[in-house]
Structures are given as structure tokens and as C-alpha cells.
Amino acid sequence: MRWKKRFEGLDTLVAERGSSLLATAILLTGSRAAGEDLLQGALERLMRHWNRVHGDREGYLRRTLYHLAVDQWRRRRRRPEVLADVEPPGQPDATEALHLRQALVQALGTLPPRQRAVLVLRYWEQCSEAEAAEILGCSIGTVKSTASRGLSRLREVTTAWTVDDVPASNGASR
């Protein structure tokens, strides 16, 4: 009972916006497991500062997500990790939209961290250039140029695709 009083509104925030926040975290990290960890870390930070955060708690949580993601990218740059590409096999699915979405998420993962963050903010989260600049702590011009370069790079990666190049949901080419 005491917990509910102290964090009043947190359960509603997570229930209403949790899936959107998780999707953002997955796009920022490149995998579901890492996205869940990132969201968990952001929720922990929000709970630690709950009494000091007044007003837009979802906005605070989203900014925390992006800042934690950037911190992870910086840490990886200083100490690169060797990761095995082991994803559990997915269920066979006949929809081409699912395959295309997976391929686009993989293509997004090939972008540098800043371009990825700008594209996720602008086109997934549908933030304005000013909002994205505020969240990332940079100028609007930086957001514009980074988005332009990121979209150009995505076009380069995806223009040579044919239907057979789009990876299946289990990660193997068809």
C-alpha cells in the first residue's frame, strides 16, 4: 500500500505507454533483451527521482532512455564487446510486412548511434526537430543534418534489396 502511494501514477504510465516505450528501447539497442534492460534502467532512475520529477514524467522517462542508450554506446566505443549473434528462432510467419520490418530494424542497426537516435526520435517517436534537439542536447541544425545523412545511408543500404534479400523472422535469409 505504501509503495502505491509513493509512486502514484507509475502503474498507469507503464500500463498505457509501456509498449511504446519498450518499442523505442528495442529500436535504440537493436534487440528485445537489451531494450528491456534499457527500459528497466530508465524506470529505476525515474523511481529514484520520482519526488523531484514534476509534470511530464513520460518525457523524463524518454529522455532518460535516450541518455542511457548514448551512455551505452560511448562505453562500447571505449571497451568494445564481442557479442555472439544468437537470437532464439522465431515462429514461421508468412507476412511480408513482418520480414520487411525486421530488415529495416536491422538496417537501422547499421547506422551510427547518433543517426539511429535521431531517426528513432523523428520518425518512430514523431518528435519535432526542436524536441529531438532538446532530448539529445544538440542544435536543430544538427538534428536536420544527422537525419538527412541517416536517411541517405538507409536508402543506400536498402536500394539493392529484392524480396529475396529481406531476412526471414528467424534471422536467416530466405
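**Figure 1. Packing of helix α7 against helix α8 in the predicted model.** Helix α7, which covers residues 129-136, packs on α8 with the two axes 8 Å apart and at an angle of about 105°. Because angles of 65 to 115 degrees count as roughly perpendicular, this value makes α7 roughly perpendicular to α8. On the α7 side the contact involves E129, A130, A132 and A133, and these residues meet I140, V143 and K144 of α8. Sorted by class, the contact of α7 with α8 comprises 5 nonpolar and 2 charged residues, with no polar ones.

**Figure 2. Crossing of helix α5 and helix α8.** The axes of α5 (residues 96-109) and α8 (residues 140-159) come within 10 Å and cross at roughly 130°. That angle makes α5 oblique to α8, and the crossing in which α5 passes α8 is right-handed. The residues that meet here are L104, A107 and L108 from α5 and L154, V157 and T158 from α8. By class, the contact of α5 with α8 consists of 5 nonpolar residues and 1 polar residue, while charged residues are absent from it.

**Figure 3. Surroundings of E156 in helix α8.** E156 belongs to helix α8 and has a relative accessibility of 51%, so it counts as exposed, the cut-off for that class being over 50%. The side chain of E156 makes a polar contact with the side chain of R153, at a distance of 3.0 Å.

**Figure 4. Surroundings of T24 in helix α2.** T24 is part of helix α2, which spans residues 10-29. With a relative accessible area of 0%, T24 is buried. When neighbours within four places in sequence are left aside, the residues in contact with T24 are R62, Y66, V120, W124 and E125. One of these partners, E125, is the subject of the next view.

**Figure 5. Surroundings of E125 in the loop between α6 and α7.** E125 lies in the loop that joins α6 to α7, and at 16% relative accessibility it counts as buried, because the cut-off for that class is under 20%. Not counting residues up to four places away in sequence, E125 touches S20, T24, R62, Y66 and V120. R62, Y66 and V120 thus appear among the contacts of T24 and also among those of E125.

**Figure 6. Backbone and exposure of Q126 in the loop between α6 and α7.** Q126 is found in the loop between α6, which covers residues 113-124, and α7. Although Q126 is not a glycine, it has a positive phi of about 60°. Q126 is exposed, with a relative accessible area of 67%, whereas E125, which lies in the loop between α6 and α7 as well, counts as buried at 16% relative accessibility.

**Figure 7. Overall setting of the close-up views.** The protein contains 8 helices and 0 strands, and from the N terminus on its elements run α-α-α-α-α-α-α-α. Of its 174 residues, 34% count as buried. Among contacts between residues at least 6 apart in sequence, 64% join residues that are at least 24 apart.

Note on methods. Residues are numbered from 1 along each chain as its sequence is written. This is a predicted model: local features need pLDDT of at least 70, side-chain atom pairs count only at pLDDT 80 or more; totals for chains, interfaces and linings use all residues. Side-chain values use heavy atoms; hydrogens and water are left out. Axes are lines fitted to C-alpha atoms, for helices over the stretch in contact, and angles run from 0 to 180 degrees between N-to-C directions. Helices (H or I, at least four residues) and strands (E, at least two) are DSSP runs, numbered from the N terminus. Angles under 35 degrees count as roughly parallel, over 145 as roughly antiparallel, 65 to 115 as roughly perpendicular and the rest as oblique. A crossing is left-handed if the near helix is turned anticlockwise from the far one by less than a right angle, and right-handed if clockwise. Contact means heavy atoms within 4.5 Å. Ala, Val, Leu, Ile, Met, Phe, Trp, Tyr, Cys and Pro count as nonpolar, Asp, Glu, Lys and Arg as charged, and the others, Gly among them, as polar. Buried means under 20% relative accessible area, exposed over 50%, partly exposed in between (1.4 Å probe, protein chains only). A polar contact is a pair of N or O atoms within 3.5 Å; within protein, one must be able to donate a hydrogen and the other to accept it, and residues adjacent in sequence count only if both atoms are side-chain atoms.
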